[in-house]
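Here's a quick tour of one model, with a helix and a sheet as the two stops. Have the viewer open while you read.

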Amino acid sequence: MDYFKGTEDYVISPELRDSVNVSIALGRPLVVKGEPGTGKTLLARAIATGLQKQLFVWNIKSTTKAQEGLYMYDTVKRLNDARFGDRDISDIKPYIKLGKLGEAFAATEQVVLIIDEIDKAELEFPNDLLNELDEMSFHIPETGETIKAKHRPIVIITSNSEKELPDPFLRRCIFHYIEFPGEQLMADIIGVHFPNLETKLLREALKKFYWIRRFDMLRKKPSTSELIDWLQALIIAGIPASLIEKELPFVGTLLKKKEDADLVASKTDRPHYAYSTSTKSRRVS
Amino acid sequence: MPVTLHEWMTLHSALALNLSGCSLTHFYHIARSILVKSEIYFDRYDMAFLDTFSGIETTDELLDRVLACLRQTRDLKLTDEEKKELAELDLDQVLKNFERQLLEQRHDKDYSSDNGGNRAIGTSGTSTQGAWGYNPAGIRIGQGISRNRRAVQVAERRAFKNYASDRTLDTRQMKVALSHLRSLLPAGQAEKLDVAATIDATCKNAGELELVWEDKVKKGSKVILFMDVGGSMTPHSRMVDQLFSAAAAQISRFRHFYFHNCIYQDLRTDMDGSSTIPTLDFLKAVDTDYKVIVVGDAEMAPSELTWVNGAVDYWYHNDKPGIVWLQRLRATFPDIIWLNPLRRARWDAVKSVRMVREIFPMFELTLEGLDDGIKYLIQGKARLHRAV
């Protein structure tokens, strides 16, 4: 049985590792929920890399239908082809195109399937997939075929809790809520992205970062991906750690709303340069 | 905490596969991922876990001393006969052995020297205690790494307290609560091929295929919100207003009105009450299939409900008592609920809340309350509401 331990560039918490392995062992989909930027989507990629399996990505949009994931019968194309009688259209098969879920089922080896941001779709969407995910098979009435997974794919489903997922759906899944990483885990994650980062710079940056996140009034709290962008900016501009302690350079990379930047600025005694980084870079050089 | 039989069985199959590796920490994670399907219940899970497992902590500590010395060694090979012999030991005997061994070894400094024996606690042995050994009736006392982070301690931290759903809504949870409101929306219809129009257009087009698609029909739900602003409601109403103006984008026909403590003959259409419409006209003209949500603490002097000219604003004269207007509102809309930011525990202590509850189905303005209230609305249960 496959056991996922994490990969070199994906730092995984012990509780998430347990959840992933339960999901693999029981052959049940794993629902991963959490704040944006906590690495939900990357998880599936890491599992695929770690276990050396092929990855199928099904991105969900507000208009996505459950049926699209299974297969599409292109009736319009068939109708179009029928007009001139120059080809055989009696065979429906060429007009059946498998969706991502269908492809994952039809694969000859076990694969990793990610259903990304399932909460974006309509409310009934998860319920429409109940049986398919349970049995890992579905029927195509047009051709009389049944697509059945030879190896139950490892299914990862991510949700930003835009909509609540239906209870019958959740019952069949393993659930994991990714907590926002604490300082230690965050330092590990940053270490993967910037292996040669100065310890002092990292320490000061993290201190500021968690200090900002403590404001409950923020419209949008900065997440991991914003921290990484910020550090990138700090490194490129060559800003020393001592300066981060005193003020907040490039705060615009962390806080995307003017109100948030103002709020944070009001808590620091020094003026901030959120939207005039040019002033900042002059000072640095 | 809602746990279904289905999930309970899943947990057992996970345990049957020994996914927990006989570690309480792993068990804590695994049971949570299988049984708990929302982070709002994590805190309750922690409490339940503590309640069940906090008692065994002392044993854990004792074991820690033993475990500190246990190291993984070579695999053990046994003949079938030996295995059979061992299988016959019963649990009582095993436990007795275990206690005796612990007592005997209490003063030993180095457990790791006990490798491959048949009596002592160690590794690769056939005694009834230890790790990586073989004894079907044995006590396994942990193996591998990270045994020092005990699950009970993890549960004790109660890190998910903030996600508990019975707290009043805050900014983070507002976003989640919004998603509940969307369930008021019937799903929009998919695009469809208009067959008749397609045939028509294709004929006109001299047989060249011309596809005509039906327009997307999007049915929206209709929601009216009445909000109590002023006095004790001021901090809450700002929050509720934020919540619902965001929801307004989702709900196609969304109307909102304001009131102070109770609704009288004039309905405020803005927060400060400078523009109003007559309540009676509104109630006559409005479509009654709106879903109505009243948000207020219903905490006022009973006279504000029952007296003519009882309104809290001194200059405001009402010729009918407030409760009459509330009853009219209730009678107009079959689907109506009242959300109250006061804790449920306090409701019975306030006379005016009791009176309002006789008219409206009331829910707490918390994640759970909102959820229940919305479900109640959608299922049409508000029509069946009787005085409590």
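## Helix 11 and the open sheet

Let's start at A:D229, which sits in helix 11 (residues 224-237) of chain A; helices here are DSSP runs of H or I with at least four residues, strands are E runs of at least two, and both are numbered from the N terminus. A word on ground rules: this is a predicted model, where local features need pLDDT of at least 70, side-chain atom pairs count only at pLDDT 80 or more, and totals for chains, interfaces and linings use all residues. Residues are numbered from 1 along each chain as its sequence is written, and chains are lettered from A and ligands numbered from 1 in the order in which they are written.

A:D229 is partly exposed, with 15 other C-beta atoms within 10 Å. (Buried takes 20 or more such atoms within 10 Å, exposed 12 or fewer, and partly exposed is in between; C-beta atoms are placed from the backbone.) Its C-alpha atom is 7.8 Å from that of A:L254, 25 residues apart along the chain.

The helix itself checks out on length: 14 residues at 1.5 Å a residue should span 20 Å, and the end C-alpha atoms of helix 11 of chain A are 20 Å apart, which agrees. The expected span is 1.5 Å times one less than the number of residues. Buried in helix 11 of chain A are A:T224, A:L227, A:W230, A:L231 and A:L234. They cover an arc of only 120 degrees around the axis, so they lie on the same side of helix 11 of chain A; the arc is taken from the directions from the helix axis to the C-beta atoms. On the other side, A:S225 and A:I236 are exposed. After the helix comes A:G238, with a positive phi near 65 degrees.

Now the sheet. Five strands of chain A make an open sheet, in the order 2-5-8-1-9, with parallel pairing. Strand 2 (55-59) and strand 9 (174-178) of chain A are at the edges with a single partner strand each, so one side of each has no neighbour in the sheet. Strands count as paired if DSSP finds at least two bridges between them.

Strand 1 (residues 30-34) of chain A runs parallel to strand 9 of chain A, joined by five bridges, and four bridges join strand 1 to strand 8 (residues 154-159) of chain A, also parallel. Some bridge partners:

| Strand 1 residue | Partner | Partner strand (chain A) |
|---|---|---|
| A:V31 | A:F175 | strand 9 |
| A:K33 | A:S159 | strand 8 |
| A:G34 | A:I178 | strand 9 |

Five of the five residues of strand 1 of chain A are buried.
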